[in-house]
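This briefing is written to be read beside the sequence and the 3D view. The points are grouped by topic.

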Amino acid sequence: MLLLLVVEAFCFASRPVRILVAAFALPLAAVGGWMLGGGASVLDAMYAGRDFDLVERLLTQARVLWMYLYWFFQPAALTAGMHHDDIVISRSMADPWVLAALVAWLLVCGLLVSGAVRRRGLGLPAFAFAWFLVLHLMESTVVPLEIAFEHRNYGAGTGFAMRVAVFVFRVVDALPRSLASALPVFVLAPLWVLLFMRASAWESPLTLAVFSVAERPDSPRSRADLAEAQFNLALQRNDREQAVASRDAFDQVAAAQPDSLLPLARLIEIDAILGDDARLAGHAERFASVLRKPTLTIQDTIGLNLLLD
């Protein structure tokens, strides 16, 4: 329905600003009503397992939305690993990057109003921004999901894809026929190269994990994926040396996340397979210590399930 309001505002409505305001006001009013009706306490409980609160998430998202736009117009950036859990959380409005992002979004709001009123010239860029923002409004706002994932941009980026397609068609119409026929090749060739790079990285869980760690060495999730891929390979091949390599990788993950049960659960499983009783005793003490935390995170729950299975 929200997307229909965006289309209505930019294509058909005689009073487009009202329709545009409704497209953004309706979901915000729904969330506000839910929170006033008792949803705020539910939301607090959901954030208990995160290292950021609601305000910090929203401040960070102001920056992340611009990052999503950068990914669309510079798709080579998407070759830099699968996970984006190394993004620095914005803790206050005093963060200059947050201020810059918010000022830029205020300017975009002006563009939306101008584009809805004056559809010629500004209409299509404004429509692309409105489509982008409404889709991200539906994808993730107050819900305590991970800060960024590229799949959230698939639908939101289609508005800008329409804008780029219109631009390409206009350029093709203006070029001589000999050049116009070659333009699609020049546009698509870089994308084919990027697709080949992504397909090569996704050849197997291990190649993807190695690639992700190489591109984003500060990403805890990427390092955990590498350790997990090595462990699964050790099980498949019944390879003790590979099991030791996976243990070393999980040791690094556990050192970076000392209060997480997930890497510790895998270390218990691996050392049980290797028969290292001394390390198992140390893991048991640390496991009991971590369990005393006031709140268990999603990763802790996954770790407990691994041991129970």
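**Salt bridges and overall fold**

Arg-247 and Asp-276 form a salt bridge in which the closest N and O atoms are 3.4 Å apart. Because Arg-247 lies in helix H12 and Asp-276 in the loop between H13 and helix H14 (277-291), the pair ties together parts that are 29 residues apart in sequence. The model is predicted. Its protein chain comes to 15 helices and zero strands.

**The network around Arg-247**

- Arg-247 is buried, because its relative accessible area of 14% falls under the 20% cut-off.
- Its partner Asp-276 has 24% relative accessibility and therefore counts as partly exposed.
- Asp-251 and Arg-279 also meet through their side chains, in a salt bridge of 3.0 Å from N to O.
- This pair links distant parts of the chain, with Asp-251 in helix H12 and Arg-279 in helix H14, 28 residues apart.
- Asp-251 is partly exposed at a relative accessible area of 27%, and Arg-279 is partly exposed at 24%.
- Arg-247, Asp-251, Asp-271, Asp-276 and Arg-279 are joined into one network by salt bridges that share partners.

**Other salt bridges**

- The structure holds 12 salt bridges.
- One of them is between the side chains of Arg-50 and Glu-146, at 3.3 Å from N to O.
- Here too distant parts of the chain are linked: Arg-50 is in the loop between helix H2 (16-47) and helix H3 (54-73), and Glu-146 is in the loop between H5 and H6, 96 residues apart.
- Arg-50 has a relative accessible area of 23%, so this residue is partly exposed.
- Side chains of opposite charge can pair when their charged atoms come close.

**The largest pocket**

- The volume of the largest pocket is about 1,000 Å³.
- Its lining is made by 39 residues, of which Asp-85, Pro-220, Arg-221, Gln-257 and Gln-299 are the closest to the pocket centre.
- Five helices each supply at least two residues of the lining: H10 (205-215), H11 (220-237), H12 (240-256), H13 (261-274) and H15 (298-308).
- H11 gives the largest share of the lining, six residues.
- Sorted by class, the lining has 21 nonpolar, 10 charged and eight polar residues.
- Helix H12 thus appears in two settings: H12 supplies at least two residues of the pocket lining, and H12 also holds Asp-251 of the salt bridge to Arg-279.

**Nonpolar surface patch**

- Trp-34, Val-42, Met-46, Val-143 and Leu-145 make a nonpolar surface patch of about 400 Å².
- Within this patch, Val-143 lies in the loop between helix H5 (119-139) and helix H6 (153-156).
- Glu-146, the salt-bridge partner of Arg-50, is in the loop between H5 and H6 as well.
- Val-143 has 36% relative accessibility and so counts as partly exposed.

**Backbone and loops**

- Asn-238 is found in the loop between H11 and H12.
- The phi of Asn-238 is near 50°, a positive value in a residue other than glycine.
- Most residues other than glycine have a negative phi.
- Asn-238 counts as exposed, because its relative accessibility is 72% and the cut-off for exposed is over 50%.
- Ala-182 is found in the loop between helix H8 (177-180) and helix H9 (183-201).
- At 26% relative accessibility, Ala-182 is partly exposed.
- Ala-182 and Val-172 are 10 residues apart along the chain, and their C-alpha atoms are separated by 9.5 Å.

**Overall dimensions and a long-range pair**

- Along its principal axes, the C-alpha trace of the protein chain spans about 75 × 60 × 35 Å.
- The protein chain has 309 residues, and 37% of them count as buried.
- Ala-40 lies in helix H2 and is partly exposed, with a relative accessible area of 29%.
- From C-alpha to C-alpha, Ala-40 and Ile-298 are 20 Å apart in space, while in sequence they are 258 residues apart.

Note on methods:
Residues numbered from 1 in each chain as written. Predicted model: local features only at pLDDT ≥ 70, side-chain atom pairs only at ≥ 80, totals over all residues. Heavy atoms only, no water. 1 Å grid on protein atoms, 1.4 Å probe; cavity = no way out; pocket = protein on both sides within 12 Å on 5 of 7 lines; lining within 4 Å. Points joined across faces, edges and corners; volume = space filled by probe spheres on them. Helix = DSSP H or I, 4+ residues; strand = E, 2+ residues; numbered from the N terminus. Nonpolar A, V, L, I, M, F, W, Y, C, P; charged D, E, K, R; others polar. Patch = residues over 30% accessible without salt bridge, like charges linked within 9 Å, V, L, I, M, F, W, Y side chains within 5 Å. Areas by Shrake-Rupley, 256 points an atom, 1.4 Å probe, with all protein chains shown as cover. Salt bridge = Lys/Arg side-chain N within 4 Å of Asp/Glu carboxyl O. Buried < 20%, exposed > 50% of the residue type's maximum accessible area, 1.4 Å probe, protein only.
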